[in-house]
Amino acid sequence: MDTQQAAPRAAPVTIDWRQIAGLVLLSLKIFLLRFLTLGIYHFWGKTEVRRKIWSAVHLQNQPLEYTGTGKELLLGFLIVTFLIIIPIYVAFVGISLYFGEGHPATVAVQLILGFAIVFLIGMAQYRARRYRLSRTNWRGIRGGMSGSALRYAWTSVWTVLLIPLTLGWIVPWRSVTLQRILTNETRFGQMPMRFEGDSGPLYLPFLGYWLGFIGVYGLAAMLLYQLLGEYTFFQTLDPAPASAPPSLQTIGIAVFIVLSALLILSIISAWYTARLYNHFAASTHIDHARFHLTATPLSLIGLTIGNFLLSLLTFGIATPIVQTRLARYFVTRLNIEGMIDFDQIAQSQASLSRTGEGLAEAFDVDAF
Amino acid sequence: MRSNSFESFRGTWSDGRTAAALNVTIRFEDNGLNIRKTEADIGELWPYGDLTSVSPLTPGRATQLGRQDQVGARLFIDDGGFAEKIVGRAPHLSTHAERKRVLAPMLAFTVIVAGMIAAIWYFELSPARAIAGLLPDKARTQLGDLVVEKMTANKKICEAPAGRAALDKLVGRLKASIPEGHRFQLRVVDLGIVNAFATPGERIIVSGELIGFTTSPEELAGVIAHEIGHGLERHPETGIVRALGIGAGLEILLGGSAGSFGELGALLLQLNYSRKAEAEADRHAIDMLQTANISVRPFARFFERLQSRKSSGSGKNANKSITAPPNKVMELLRSHPATAERIAMISATKVVAPRPVLNASEWAALRDICG
């Protein structure tokens, strides 16, 4: 008893994934019930899947718990649909009916609504994260977000405007800035996470990504133009082009060029994305510990293609399996280095909202 | 670890105030779980009825329990045998109980949604019609212009002066019975199919082929009066609002982008008015024809001819007196089904002292409107 008390209180941390059973049956059940309940079961099904995924993640051999409910998700969805989505839709349609398409007033209002949507997507990402963290328990201690969704959404909007102006070069800085806000405002109980790092180390990989992208894109466009000439771009305005249409063989070569370009681009993109995720993890600290992720380009591509095919071939019925695979990928490749003093992590004092992440659902920015 | 009298399990306990965990021994007692931090401890009792679990308990899997009156307190037992034992004592944590809990709100929501759909269908409520009725005239006109523009792009507009004058005379006869405040505009367009339709904003488009298909000015007057009837009832506006609403609904439910303004024209062509809407338009048409002293018989015959074209099947054996090939007529038939009830209703109407709409030369000019 006494020796137990005297032992060093900070402990090394283990995080692992324990396989979950019954996902195929769960997928079928959710599909069937959604059908029978005119779609309403969607929110309860989502909750069931999250409970499974959360319970597979073990910290110190004790699982996470997901305490959200289907009712919260449904309420969030209804509120967002009726207070945000439908008014925006009506404004969008109404303005062009009233002034006519192409009228300056129509263009102005639709531009403003466009930015409002980018802003709302930022809000949605932040609020969804807050909701999920507040419904995540470990040893009874809740997570949370301490800041404001408005600041995050605003940062997301003005940095998005700079992407074309900087020819994309703001992208690494933007990702890190947004991730820094999310990480620094994340709480486990009352213990904050810290983002310690900047976008510097990402710029060399980004140079490769940027040059590779331009190079492959340019080369593919050049080859296609050589091959197809004026057919490269769809000429809807001129129904009768001068030369004869391309032969089947030429079309075959063109398709091959496009597919190879897409393959190379996705490898380049995965290579950068893996660096980005690993950098995010390495910059994330809590107490005396930091995260370490080993995402690799090839495994990321495999995961993405596998999940894409799984969704496509099952018409979305396998979504629970897709989401589980995604979560498993990150958890099995994640390590926590250093020590955490769990006795010092006090329960969160934040109050719990009554509604779920409707906004994220509406804009389809929720991964799980 | 297991004794004969009390079966005991190893687990960890957290108090919900910090993330610390203590190793504990858990025993099943009559009215609850006894949790001891040391052998000497007399233990804390967690009554079975107060136990909570985030997920329903599955025998063979690890168990994590909470307690109703202690927020965040947790008991974690990795031993799969524990779940099997506890489910018997705390049946409210079983999969079966969870199912029952979810079933109630699920049934309630499903019944509410199904009830709403049934009510709309049964009482013939039309939210789309209510919204269409609220559209300001300016918006209806804009919408109409948009549709007309899309429909007539690259199509020939028929405006031979003599034909136009005859058409204006025909419409003038009908206008006498249209309530004040309506400004219907009619346009003849070479659409390539036999058809006539009303767009929002009180625009009516009649195809040159339809004029060729009619055999008398009275038939044409009937068709135009019918389309004016649709316009008076705001059927085109209602159809577009409904389609946009369904599009928005699908977009919200399924994600992705369904339908856009570019499709409006095509949308209107595909609109199938309900039987009720067709009957409403017919009633207006009959009223208009009666007030204008135009014979109704030809209008009924028009539908009879459509009907017989349909039953005569493919184009090869088609009656040569009818200029339009049947496949061009099918489009009109699809959007305006020539049912027996319609023909009967129109035929039953008596018109007092009918007067001809156009004389022979005017009618010839009108038939030549497309040049």
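Which residue lies over the face of B:Phe28? Select B:Phe28 and look above its ring: B:Lys85 is there, 5.0 Å from the ring centre. Keep in mind that this is a predicted model.

**Stop 1: another charge over a ring**

Stay in chain B and select B:Phe213. The charged end of B:Arg305 sits over this ring, 4.6 Å from the centre.

**Stop 2: chain B as a whole**

Now show chain B as a cartoon. You should find 14 helices and 11 strands. The chain has 371 residues, and 45% of them are buried. Turn on the surface next. Its accessible area is about 18300 Å², with 58% belonging to carbon and sulfur atoms. Now consider contacts in chain B between residues at least 6 apart in sequence. Of these, 63% join residues at least 24 apart.

**Stop 3: B:Arg99**

Pick helix α2 of chain B, residues 95-122, and find B:Arg99 in it. Is B:Arg99 buried or exposed? Its relative accessible area is 54%, so B:Arg99 is exposed. Then select B:Pro56. The two residues are 43 apart in sequence, yet their C-alpha atoms are 9.1 Å apart in space.

**Stop 4: the largest core**

Nonpolar side chains in soluble globular proteins tend to be buried together. Here, the largest nonpolar core has 50 residues. Select A:Trp17, A:Trp44 and A:Ile345, which have the most contacts inside this core. Then colour helix α3 of chain A, residues 41-56: it gives the most to the core, with 7 residues.

Zoom in on A:Trp44. Among the residues it touches are A:Gly70, A:Lys71 and A:Leu74. From chain B, A:Trp44 touches B:Val102, B:Pro105, B:Met106 and B:Phe109. A second, separate core has 46 residues, including B:Leu170, B:Val171, B:Ile286 and B:Ile346.

**Stop 5: aromatic pairs**

Over all chains, the structure holds 24 aromatic pairs. Start with A:Phe206 and A:Tyr209. Their ring centres are 5.7 Å apart and their planes meet at 45°, a tilted pair. Both residues lie in helix α8 of chain A, residues 203-228, 3 residues apart, or about one turn of the helix. A:Phe206 is buried, at 2% relative accessibility.

Compare B:Phe302 and B:Phe303. Why is this pair called edge-to-face? The planes stand at 75°, and edge-to-face means an angle over 60 degrees. The centres are 5.7 Å apart. B:Phe302 is buried, with a relative accessible area of 2%, and B:Phe303 is buried too, at 3%.

**Last stop: a ring cluster**

Return to chain A. Select A:Trp169, A:Tyr203, A:Phe206, A:Tyr209, A:Trp210, A:Phe213 and A:Tyr272 together. Ring pairs link these residues into a cluster.

Key. Residues numbered from 1 in each chain as written. Chains lettered and ligands numbered in written order. Predicted model: local features only at pLDDT ≥ 70, side-chain atom pairs only at ≥ 80, totals over all residues. Heavy atoms only, no water. Core = buried A, V, L, I, M, F, W, Y, C linked by side-chain atoms within 4.5 Å. Buried < 20%, exposed > 50% of the residue type's maximum accessible area, 1.4 Å probe, protein only. Helix = DSSP H or I, 4+ residues; strand = E, 2+ residues; numbered from the N terminus. Contact = heavy atoms within 4.5 Å. Areas by Shrake-Rupley, 256 points an atom, 1.4 Å probe, with all protein chains shown as cover. Phe/Tyr/Trp six-rings, centres within 6.5 Å; stacked < 30°, edge-to-face > 60°. Lys NZ or Arg CZ within 6 Å of the ring centre and 35° of its normal. Lists of a residue's contacts leave out its neighbours within four places in sequence.
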